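Colleague: Could you take me on a close look at one part of this model, the site around the second ligand and what surrounds it? I would like one connected account that I can follow with the coordinates open.

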Amino acid sequence: MTAAARKVFDRYDVDGDGQLTAEEYRQVVAELGDPGVTAEAAQDLIDTIDSDGDRKVSFEEFRASMGL
Ligand SMILES: [Ca+2]
Ligand SMILES: [Ca+2]
């Protein structure tokens, strides 16, 4: 399951720095066909998953959000 989570994470981590930002999330969702996500909505989602308060999502935080 960790490998599957890694795959999803890597897809969203566009610049490959190991952190998901709201901007990267928006970019991927737009590519998937929904350009209507606002910066605010994207940041809200990131903040929901973010547990250390840096407003970005690390792989550990991402995995924890999936219950893994
Ligand atoms: Ca990144
Ligand atoms: Ca974080």
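Modeller: Happy to; what follows starts at the ion, moves to its donors and their charged neighbours, and then turns to the other site and the rest of the chain. Please keep in mind that this is a predicted model.

Let us begin with the metal. The calcium ion (ligand 2) is held by oxygen atoms from D50, D52, D54, K56 and E61, at 2.2 to 2.5 Å. D50, D52 and D54 each give an OD atom, K56 gives its O atom, and E61 appears twice, through OE in both cases. Along the sequence these donor residues follow the spacing D-x1-D-x1-D-x1-K-x4-E. The angles among the six donor atoms run from 52 to 156°, and the site is classed as irregular. For six donors, octahedral would need opposite donors over 155 degrees apart and all others between 65 and 115. The site of ligand 2 includes an angle of 52° and is therefore irregular by that test.

Now to D50 itself. D50 sits in the loop between α3 (39–49) and β2 (57–58). Its relative accessibility is 11%, so D50 counts as buried. K56, another donor to this ion, is partly exposed at 34%.

Which side chain of opposite charge is nearest to D50? That is R55, but at 6.2 Å, and D50 has no salt bridge although it is buried. A salt bridge here requires a side-chain nitrogen of Lys or Arg within 4 Å of a carboxyl oxygen of Asp or Glu, so a distance of 6.2 Å does not qualify. The side chain of D50 does have backbone nitrogens around it. A polar atom of that side chain lies 2.8 Å from the backbone nitrogen of R55, and a polar atom of the D50 side chain is 3.3 Å from the backbone nitrogen of D52. R55 thus has its backbone nitrogen by the D50 side chain, while D52 is also a donor to the ion.

Where does the side chain of R55 go instead? R55 meets D47 in a salt bridge, with N and O 2.5 Å apart. Both partners are partly exposed: D47 has 27% relative accessibility, and R55 has 45%. Another acidic residue, E40, lies in helix α3 and is exposed, with a relative accessible area of 63%. E40 and R55 are 15 residues apart along the chain, and their C-alpha atoms are separated by 12 Å.

On the other side of the loop, helix α4 (residues 59–65) holds a charged pair. R63 forms a salt bridge with E60, and their closest N and O atoms are 3.1 Å apart. The two are three residues apart in the helix, so about one helical turn separates them. R63 is partly exposed at 22%, as is E60 at 48%.

The other ion makes a useful comparison. The calcium ion (ligand 1) is coordinated by D13 (OD), D15 (OD), D17 (OD), Q19 (O) and E24, which is listed twice through OE, at 2.3 to 2.5 Å. The spacing of its donor residues is D-x1-D-x1-D-x1-Q-x4-E, where the site of ligand 2 reads D-x1-D-x1-D-x1-K-x4-E. Its six donor atoms subtend angles of 54 to 159°, which makes this arrangement irregular too. D13 is buried, with a relative accessible area of 6%, whereas D15 is exposed at 53%.

Helix α2 (residues 22–31) also has a charged pair three residues apart, E23 and R26, so about one helical turn lies between them. Their side chains meet in a salt bridge at 3.6 Å, N to O. E23 is partly exposed at 46%, and R26 is partly exposed at 28%. In the whole structure, a search finds four salt bridges, among them E23 with R26, D47 with R55 and R63 with E60.

Finally, the wider frame. An unreviewed UniProt entry places the feature "domain: EF-hand" at residues 1–35 and 37–68. Residues 1–35 are 60% helix and 6% strand, with the end C-alpha atoms 29 Å apart. Residues 37–68 are 56% helix and 6% strand, and there the end C-alpha atoms are 27 Å apart.

Definitions and conventions: Residues numbered from 1 in each chain as written. Chains lettered and ligands numbered in written order. Predicted model: local features only at pLDDT ≥ 70, side-chain atom pairs only at ≥ 80, totals over all residues. Heavy atoms only, no water. Donors = N, O, S within 2.8 Å, 3.2 Å for Na, K, Ca; no water. Tetrahedral: all angles 85-135°; square planar, octahedral: opposite > 155°, others 65-115°. Buried < 20%, exposed > 50% of the residue type's maximum accessible area, 1.4 Å probe, protein only. UniProt positions renumbered as here; feature names shortened; annotations may be inferred. Helix = DSSP H or I, 4+ residues; strand = E, 2+ residues; numbered from the N terminus. Lys, Arg positive; Asp, Glu negative; His and termini not counted. Polar contact = N/O pair within 3.5 Å; in protein donor to acceptor, adjacent residues only side chain to side chain.
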